[in-house]
Amino acid sequence: RASLELSEVWAGTLFTAIFVVAACASWSAGRLSDNLGRRRVLVFGGLSLGTGFGLVSTTQSYSTAVAFLALGGLGYGFITASVLSLVSDLLPSRRGLGMGLLSATYGLGSVSGPIVAAAIIQRFGWRGATATVGCIAAVIALIQWFRIREPARALTGAAVKGATKPGVMNRNVVILAVAQFFGGSVFWITSSWTPTFLRTDVNLTLDEAGL
């Protein structure tokens, strides 16, 4: 807000830009990962996220910030869909374990990320923090490209036996998707205003707010 001289409302649209694009990207990322391969979509998403956030560190205007964050959101959407599909392929008989591991590590990242970011911002400003995110995302994407070996996807006999009728499957997916919508809305709406509240009304320091 201070660097780009934005109001609270306009600053909030920067945050929104990421997730509007991410939601649209997730819609098509699953089908693309089926057709092009999980790893390709995953790595493309990581490079897009890294490039977007890396460029945000150089922005001097609102319009370019929105464009670069949208690019980061595109990567975020591609990553989310493809990584879930890839883990499901890697652990076909232990999908619950794989999803649990992803949820746990994502939660740990959500805890450590704000603390690390606060420390970086204290020394190098917000541009240093976004540049760091961009570099980390790009490095991870390259590691995934060279080190992950994507398994061949085939429908096993167990999968065929346990398959449900199309109508039942679609109804179940809709129920899960609606639940995810409400979960995501509560989480991200809270995330968007909580830092400002803690800094201005509760008068916490940057490190305290991050924690």
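The following exercises, each with a worked solution, concern selected side-chain features of a predicted model.

**Exercise 1. The salt bridges of Arg 38**

Task: Determine how many salt bridges a search of the whole structure finds, and which residues are joined into one network by salt bridges that share partners.

Solution.

Step 1. The search of the whole structure yields 2 salt bridges.

Step 2. One salt bridge links the side chains of Arg 38 and Asp 34, with an N to O distance of 2.4 Å. Asp 34 is partly exposed, its relative accessibility being 44%.

Step 3. Asp 89 also forms a salt bridge with Arg 38, and here the closest N and O atoms are 2.7 Å apart. Asp 89 belongs to helix H3 and Arg 38 to helix H2, so this pair ties together parts that are 51 residues apart in sequence.

Step 4. Asp 89 counts as buried because its relative accessibility is 17%, and buried means under 20%.

Step 5. Asp 34, Arg 38 and Asp 89 are therefore one network, joined by salt bridges that share partners.

**Exercise 2. The setting of Arg 38**

Task: State whether Arg 38 is buried or exposed, and identify the side chain of which serine makes a polar contact with the side chain of Arg 38.

Solution.

Step 1. Arg 38 is found in helix H2, which covers residues 38-56.

Step 2. The relative accessible area of Arg 38 is 7%. The limit for a buried residue is under 20%, so Arg 38 is buried.

Step 3. The side chain of Arg 38 makes a polar contact with the side chain of Ser 33 at 3.2 Å. A polar contact at 2.7 Å connects the side chains of Arg 38 and Asp 89.

**Exercise 3. An aromatic cluster**

Task: Find which residues form one aromatic cluster with Phe 19, and describe the pairs that Phe 15 and Tyr 76 make with Phe 19.

Solution.

Step 1. A pair of aromatic rings is described by two quantities, the distance of the centres and the angle of the planes.

Step 2. The structure holds 4 aromatic pairs. One of them is formed by Phe 15 and Phe 19, with 5.2 Å centre to centre and 50° between the planes; this pair is tilted.

Step 3. Phe 15 and Phe 19 are 4 residues apart in helix H1 (residues 8-36), which means that about one helical turn separates them. Phe 15 is partly exposed at 29% relative accessibility, and Phe 19 is partly exposed with a relative accessible area of 22%.

Step 4. Phe 19 also pairs with Tyr 76, at 5.8 Å centre to centre and 85° between the planes. Planes over 60 degrees apart count as edge-to-face, and the pair of Phe 19 and Tyr 76 is accordingly edge-to-face.

Step 5. Phe 19 lies in helix H1 and Tyr 76 in helix H3 (residues 62-90), so their pair ties together parts that are 57 residues apart in sequence. Tyr 76 is partly exposed, with a relative accessible area of 24%.

Step 6. Phe 15, Phe 19 and Tyr 76 form one aromatic cluster.

**Exercise 4. Trp 145 and the nonpolar patch**

Task: Identify which residues form a nonpolar patch on the surface, and which charged end sits over the ring of Trp 145.

Solution.

Step 1. The patch is formed by Leu 47, Leu 142, Trp 145 and Phe 146, which together have about 380 Å² of accessible area.

Step 2. Helix H4 (residues 95-147) gives the most to this patch, with 3 residues. Trp 145 is found in helix H4.

Step 3. Trp 145 has a relative accessible area of 33% and is partly exposed. Patches are made of residues with over 30%.

Step 4. The charged end of Arg 39 sits over the ring of Trp 145, at 4.1 Å from the ring centre.

**Exercise 5. Positive phi outside glycine**

Task: For Glu 5 and Asn 203, state what the phi values are, and where these residues are placed.

Solution.

Step 1. Glu 5, although not a glycine, has a positive phi of about 55°. Glu 5 is placed in the segment before H1.

Step 2. Glu 5 is exposed, with 74% relative accessibility.

Step 3. Asn 203 has a positive phi near 60° and is likewise a residue other than glycine. Its place is in the loop between helix H6 (166-200) and helix H7 (206-210).

Step 4. Asn 203 is exposed because its relative accessible area is 58%, and exposed means over 50%.

Technical notes: Residues numbered from 1 in each chain as written. Predicted model: local features only at pLDDT ≥ 70, side-chain atom pairs only at ≥ 80, totals over all residues. Heavy atoms only, no water. Patch = residues over 30% accessible without salt bridge, like charges linked within 9 Å, V, L, I, M, F, W, Y side chains within 5 Å. Areas by Shrake-Rupley, 256 points an atom, 1.4 Å probe, with all protein chains shown as cover. Salt bridge = Lys/Arg side-chain N within 4 Å of Asp/Glu carboxyl O. Helix = DSSP H or I, 4+ residues; strand = E, 2+ residues; numbered from the N terminus. Buried < 20%, exposed > 50% of the residue type's maximum accessible area, 1.4 Å probe, protein only. Phe/Tyr/Trp six-rings, centres within 6.5 Å; stacked < 30°, edge-to-face > 60°. Lys NZ or Arg CZ within 6 Å of the ring centre and 35° of its normal. Polar contact = N/O pair within 3.5 Å; in protein donor to acceptor, adjacent residues only side chain to side chain.
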